[in-house]
Amino acid sequence: GGGGSSTLAGTVAGEDAMDSFDLFDEEALLKAEDALHAAREHRVVHLHRKGALQTQLPRLLERVLARIRRADASRWRLLAGRTVGVRSAELHIYQPGGGVTDPQHRDAGSLLTLSVLLTPPAEFAGGQLSLTHVGGDATTSAICPSLGCGDGVLFASEKRHNVSTLEQGERRTFIIELWEGPTNEHNRHK
């Protein structure tokens, strides 16, 4: 397995990443996640793998983290008093047919998630980010306001969220998740 292709700051799992493996083996679970993230319709590049983002773009990363901390301090205070690390920093690349359509999808285990659109909206159709609010007897989903290239949305990671199926073009986003724990070195789980 693992014949991944390298990029400047991360690795995309190769198509052969789904070779046979034992599902009760931690390394096998990591391999399975990488294989799922290698689908042509929705690829994920782990920018934090082996400290790549931290060593190649440390000032940019610190500016992003500082903005997240300021927003959290004024709104949720989820990071207060906790030792927090980067759980994942990912480049998501959506092609037609790709999306995150599981209505129960959450970034379980993380505290805050930032999603930044990297593609001008005129270059794709579909692929809208929506956040679901569950309160009392009502569940409502709201499509995020039109995001321009470089705009981001910060939200509590436990909030259900989706990306509708991309219809045409290509949609790229930068996602960073913070959690109470050390910075991961591989994917979201290690």
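This report describes a predicted model of a single protein chain, from its overall make-up to a pocket and selected residues.

## Overall architecture

The chain contains 3 helices and 12 strands. Of its 190 residues, 44% are buried. Contacts across the sequence are mainly between distant positions: among those joining residues at least 6 apart, 81% link residues at least 24 apart. The accessible surface of the chain amounts to about 10400 Å², and carbon and sulfur atoms account for 54% of that area.

## Confidence of the model

The mean pLDDT of the chain is 83, and 77% of the residues reach at least 70. Confidence is highest in strand β11 (residues 166-169), at a mean of 98, and lowest in strand β1 (residues 5-6), at 38.

Over residues 1-23 the pLDDT stays under 50. The model nevertheless has 43 contacts for this segment beyond four places in sequence. Where pLDDT is low, predicted coordinates should not be read in detail.

## The second largest pocket

Rolling a probe the size of a water molecule over the atoms shows where empty space is left. The second largest pocket has a volume of about 270 Å³. Its lining comprises 13 residues, of which Arg63, Val64, Arg67, Leu114 and Val116 are the closest to the centre of the pocket.

Three elements each contribute at least two lining residues: α3 (58-75), β5 (112-117) and β9 (152-156). Helix α3 provides the largest share, with 7 residues. By chemical class, the lining consists of 7 nonpolar, 4 charged and 2 polar residues.

## Two buried residues

Cys144 is located in the loop between β8 (138-143) and β9. With a relative accessibility of 9%, Cys144 falls under the 20% limit and therefore counts as buried. Beyond four places in sequence, Cys144 touches Leu129, Ser130, Leu131 and Val153. Its C-alpha lies 5.4 Å from that of Ser130, although the two residues are 14 positions apart in sequence.

Thr132 belongs to strand β7 (residues 129-135). Thr132 also counts as buried, because its relative accessibility is 8%. Apart from neighbours within four places in sequence, the contacts of Thr132 are Thr139, Thr140, Ser141, Lys159, Arg160 and Asn162.

## Positive phi angles in loops

Lys50 is not a glycine, yet its phi is positive, at about 55°. This residue sits in the loop between β3 (42-46) and α2 (52-56). Lys50 has a relative accessibility of 73%, over the 50% limit, so it counts as exposed.

Arg77 likewise has a positive phi, near 65°, in a residue other than glycine. Its position is in the loop between α3 and β4 (84-94). Arg77 counts as exposed because its relative accessibility is 53%. The helix that precedes this loop, α3, is also the element with the largest share of the lining of the second largest pocket.

Technical notes. Residues numbered from 1 in each chain as written. Predicted model: local features only at pLDDT ≥ 70, side-chain atom pairs only at ≥ 80, totals over all residues. Heavy atoms only, no water. 1 Å grid on protein atoms, 1.4 Å probe; cavity = no way out; pocket = protein on both sides within 12 Å on 5 of 7 lines; lining within 4 Å. Points joined across faces, edges and corners; volume = space filled by probe spheres on them. Helix = DSSP H or I, 4+ residues; strand = E, 2+ residues; numbered from the N terminus. Nonpolar A, V, L, I, M, F, W, Y, C, P; charged D, E, K, R; others polar. Buried < 20%, exposed > 50% of the residue type's maximum accessible area, 1.4 Å probe, protein only. Contact = heavy atoms within 4.5 Å. Areas by Shrake-Rupley, 256 points an atom, 1.4 Å probe, with all protein chains shown as cover. pLDDT = per-residue confidence, 0-100.
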